[in-house]
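Biologist: I should like to understand how terms are applied to this structure. May we go through it together?

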Amino acid sequence: MRPEHPARAVRIGIGGPVGSGKTALVAALCRALAGELRVAVVTNDIYTTEDADFLRRAGVLPDDRIRAVETGCCPHTAIRDDISANLDAVEELEEDLGELDLILVESGGDNLTATFSKGLVDHQIFVVDVAGGDKVPRKGGPGVTTADLLVVNKTDLAPLVGADLGVMARDAAARRGNLPTVFLTLVGDPGAEPVTAWVRDRVAHGVDPAAADHAESAPPHTHSANAEPHGAGAG
Amino acid sequence: MSLSTLLVLADGRLPAGAHAHSGGVEAAVAAGRVHDLATLRSFLVGRTATAGEVAAAFAAATCRALTGPQLQDALGGSPDRRGDEPGGPRAFAGVDSDRVRELDDGIDARTASPALRAASRAQGRALLRAAARIWPTTPSTTAGKQPHHPVAVGIAAAAAGLRPREAALVAVYGGITGSASAAVRLLGLDPYAVHALVAELAPECDRLAARAADRADLPVDDLPAGSAILLDIGAEQHATWEVRLFAS
């Protein structure tokens, strides 16, 4: 226990359809933030460890800071309805690495209805891309409508696919009320500056104590026999 | 005992990590051993008679160890008919943690494949987490935070106020539905036909659960030890795949 730091790491979920650029965004965030924050990543690719391997190859984080979760054909189940495998991964990272500031949980590519459980993450980012069609924000769905941050990615492709960014901005604003939307191109902005700034801000605010309790994975009730040695001398 | 509580623990939607495991079906499908309804039926029958019976026996024995034999002795008769009082979570008569650890070791000894041991402990850990949140009286035991799944079923059942026979039922039935739903997802089988198979196996679940409860006090070495060698081999191969959809 570290009573001087009662709150655990801030957990941010990154979801969105297949191919929208979630993993590239995670890599960009790690590159931008790993120098200033203690960061770890949990990936949920439906095909075993592909995303985790991508991150390792990209060299954005040391191997031991990346965990891959398998989701049994149901990526949305693993981040929303049955979060146990993801909680295991988060717990293992915290046990193995000690105190962390930020854990990014990247969902497997899914559909517009996928959202993260509040029992797993504190905040969530939903990533769509212009090549998926400029109608996506209008279609809505819980990801577009309720995510704490909506990222419209690959804006550099807009002229090539005939996507109207103005329409996407208008529809996103209509769907999301006061929730923020950012437009991003990792080609022109490899540091993903607006997303990085938003994440940095979330980490600076820390974990809401109520949420910390909510998202805590309570161990079974402990008896005194399991008590660990206390004090500086232990270990 | 509360029937509704039994349904809570047996529900496939219980957030305890089961959806990510195929119970060996993914490996069997890839090997061509399971490819249609008839081969799935054979798989389920074989798995239930081996891994299923072991899981039932160890879940029942764990539940018995945690709910204690004292009450049943005091009341006389079959321990599994003692619980006709209203159900719901209740205090433990006595926690025999050493017995739980021995049972956990007993599953290790019965599980040849390291990959299956890891999968069982991963599911045990997830179920224990769920139980601790749902039934705050869930005890810690000497089996630790990552017991084998059948042991975790026994612990959760005890915490929920269920009896050994219900613990066994959850273990054996969950093994069948986990494998069956994985087959639906992997092979696109008709879900009605697959559920008809599950229903067909229901009496076998009842029979195995009753047997498990009857033997819940036996020494660990005398509990069932059936295994299916292809499940072990398949699990070891599966763990090396680059591309797989299920954790086991």
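Modeller: At 3% relative accessibility, B:Glu166 counts as buried, a word reserved for residues under 20% relative accessible area, with exposed meaning over 50% and partly exposed in between (1.4 Å probe, protein chains only). This is a predicted model, in which local features need pLDDT of at least 70, side-chain atom pairs count only at pLDDT 80 or more, and totals for chains, interfaces and linings use all residues. Residues are numbered from 1 along each chain as its sequence is written, chains are lettered from A and ligands numbered from 1 in the order in which they are written, and side-chain values use heavy atoms, leaving out hydrogens and water.

Biologist: Why is B:Arg163 called buried?

Modeller: B:Arg163 has a relative accessible area of 6%, so the residue is buried.

Biologist: What makes B:Arg163 and B:Glu166 a salt bridge?

Modeller: The term requires a side-chain nitrogen of Lys or Arg within 4 Å of a carboxyl oxygen of Asp or Glu. For B:Arg163 and B:Glu166, the closest N and O atoms are 3.0 Å apart, and the pair therefore qualifies.

Biologist: Which residues do salt bridges with shared partners join into one network?

Modeller: The network comprises A:Arg67, A:Asp88, A:Glu91, A:Glu92, A:Asp96, B:Arg125 and B:Arg129.

Biologist: Why is the contact between A:Asp122 and A:Arg8 called a salt bridge?

Modeller: Their closest N and O atoms are 2.9 Å apart, so the contact meets the criterion. A:Asp122 is in the loop between strands S4 and S5 of chain A and A:Arg8 in the segment before strand S1, so the pair ties together parts 114 residues apart in sequence. Strands (E, at least two residues) and helices (H or I, at least four) are DSSP runs, numbered from the N terminus. Both A:Asp122 and A:Arg8 are buried.
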